[in-house]
Amino acid sequence: MEDYDSHILAKLFTDATGMNAETITRLPGAGSNRRYYRLTSGNKSLIGVAGKVVAENEAFIYLSRHFAEKGLPVPKVYAVSIDRMHYIQDDLGDTALFDLIKSGRTTGKWDINEIEALRQTVKALPLIQWQGAEGLDFDKCYPIPAMDRTSVMWDLNYFKYCFLKSSGIEIDEPELESDFERFTSMLLSHNTDTFMYRDFQSRNVMFDKSGHPWFIDFQGGRRGPVYYDVASLLWQAKARIPSAIREELIDCYIEASRQYFPVGGKPFRKNLRLFVLFRTLQVLGAYGFRGYIERKPHFLQSIPDAIDNLKELLTDGLPDLPYMSKLLAQLVSLEKFSHNSCQPEPGILTVHVNSFGFKKSGIPDDPTGNGGGYVFDCRAIHNPGRYEQYRQLMGRDREVIEFLENDGEITHFLKSVFALVDNSVEHYIKRGFTDLTVSFGCTGGQHRSVYSAEKLAMHLHEKYPCRVCLSHIEQRIKTVLNPNRE
């Protein structure tokens, strides 16, 4: 598939530039099923995209060309394959807003440059919402032309079935559905007849060398209220934007949109609050689907941050949604969704599973003080990091997973690991032990060790009534898998 993509995209590059591509480099995977490549020739660089859904590709191509004609900051599409499965667009570099605010979101200390990047982003947002909507054929949006009652209820039930039901909280279905219907009507009463980006978050905003923001990945956009996009950006769980900075950015957005939307700060904030709740529930549904249903542990790491957003939102209550308010209050109080959820639980074994790099942080200390456990050296396994196309990826990215599993060495390695660890876990549970540590090391702590740690964590979570604390030390990623209570 990769060779086929490269062949088609190389031809499109030549069609667009009149030059042959000298290099074609696969870029790290995003959250979607699209594959991205950087094609270069001399000083010319473009991005090639290989999509899997024609309608989704056509939506992006149409929206990009429509926005570009209006001078909006989006990548221009230069060439499209006959089957509409591949296209070539502007290369906006590698600097996403998410990366620009790394220090603030990880340390809690926000400097003026990070805040200014957020300001520039919210100032540019009204352009695509209002100017982008002018003359736009919403029937060409994917998968639907507008936010409507059906789509809102779908997102709310996505939250209910993929996240809420897995929490263990008892649900009165008729009461909840009644509040869902009421909530939907409240949301739809604030339609602004504008373009709703839908996934407007810091990973989808790129900054050029001049410090200007550009927007990408808007193919899921549709007609809808402006509040949703403001909520998506400022309440993005992993961005961790403090409330004081949020308030400043809301004022900044209101001022930037005043020529289109002359609404005061108080009514704007009142309406925005509804969409913050809606977006947070939708995101928790996505985390539940990816983490609990698709069994991808790393999607669970953002749950405590999203729960914090929900907890803050509930401080003023939801008087118009009494049952939802009661239910969500129970949800945010659950210890398993807190940042400290890896604290020992009486009678439950906690297995600490780590990945690390021998050349970086080295073998991790045992935080329990018990010592012992296992340290497995993955360096004898064929290393994806030796190949350019995998160097920017991790052991949980699909491309690396396919490389390791097709190679097969790691499968035999983990078969032996599972046998050893299973034996210890079974005996630890019988004897009432509280902690076991298992660490996987490779050269950089990025590919083989990450893959191994993810596999063992899910294996233990599915097989034993234990708590698993999964830590990718070099990436500072931590996920907690609480015991299955079924």
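Author: Buried means a relative accessible area under 20%, exposed means over 50%, and partly exposed is what lies in between, computed with a 1.4 Å probe on protein chains only. This is a predicted model, in which local features need pLDDT of at least 70 and side-chain atom pairs count only at pLDDT 80 or more, while totals for chains, interfaces and linings use all residues. Residues are numbered from 1 along each chain as its sequence is written, and side-chain values use heavy atoms, with hydrogens and water left out.

Reader: What makes E134 partly exposed?

Author: The relative accessible area of E134 is 45%, a value between 20% and 50%, so E134 is classed as partly exposed.

Reader: How do you know that E134 forms a salt bridge with K70?

Author: A salt bridge requires a side-chain nitrogen of Lys or Arg within 4 Å of a carboxyl oxygen of Asp or Glu, and the closest N and O atoms of K70 and E134 are 3.8 Å apart, so the pair qualifies. E134 sits in the loop between α5 (112-131) and α6, and K70 in the loop between α2 (54-69) and β4 (77-80), so the bridge ties together parts 64 residues apart in sequence. Helices are DSSP runs of H or I with at least four residues, and strands are runs of E with at least two, numbered from the N terminus. K70, at 30% relative accessibility, is partly exposed.

Reader: What makes K160 buried, and where is the residue that K160 meets in a salt bridge?

Author: K160 has a relative accessibility of 2%, so K160 counts as buried under the 20% limit. The side chains of K160 and E177 meet at 2.7 Å, N to O, and this pair links helix α6 with helix α7 across 17 residues. E177, in turn, is partly exposed at 23%.

Reader: Why is the pair of R279 and D199 said to tie together parts of the chain?

Author: Their side chains meet in a salt bridge of 3.2 Å, N to O. R279 belongs to helix α10, whereas D199 lies in the loop between β6 (194-196) and β7 (205-207), so the two joined parts are 80 residues apart in sequence. R279 is buried at 12%, while D199 is partly exposed at 31%.

Reader: What puts the buried residues of α7 on the same side of the helix?

Author: The buried residues of α7 (173-188) are L176, D179, F180, F183, T184, M186 and L187. They cover an arc of only 160° around the axis, which means that they lie on the same side of α7, the arc being that of the directions from the helix axis to the C-beta atoms. These residues pack against α6 (149-162), α10 (265-293) and α12 (322-332), with contact meaning heavy atoms within 4.5 Å.

Reader: How do you know that V122 is buried, and which residues does V122 touch?

Author: V122, in helix α5, has 3% relative accessibility, so V122 falls under the 20% limit for buried residues. Leaving aside residues up to four places away in sequence, V122 touches L233, L234, L249, C252, Y253 and A256. The C-alpha atoms of V122 and Y253 are separated by 5.4 Å, although the two residues are 131 residues apart along the chain.

Conventions. The expected span of a helix is 1.5 Å times one less than its number of residues.
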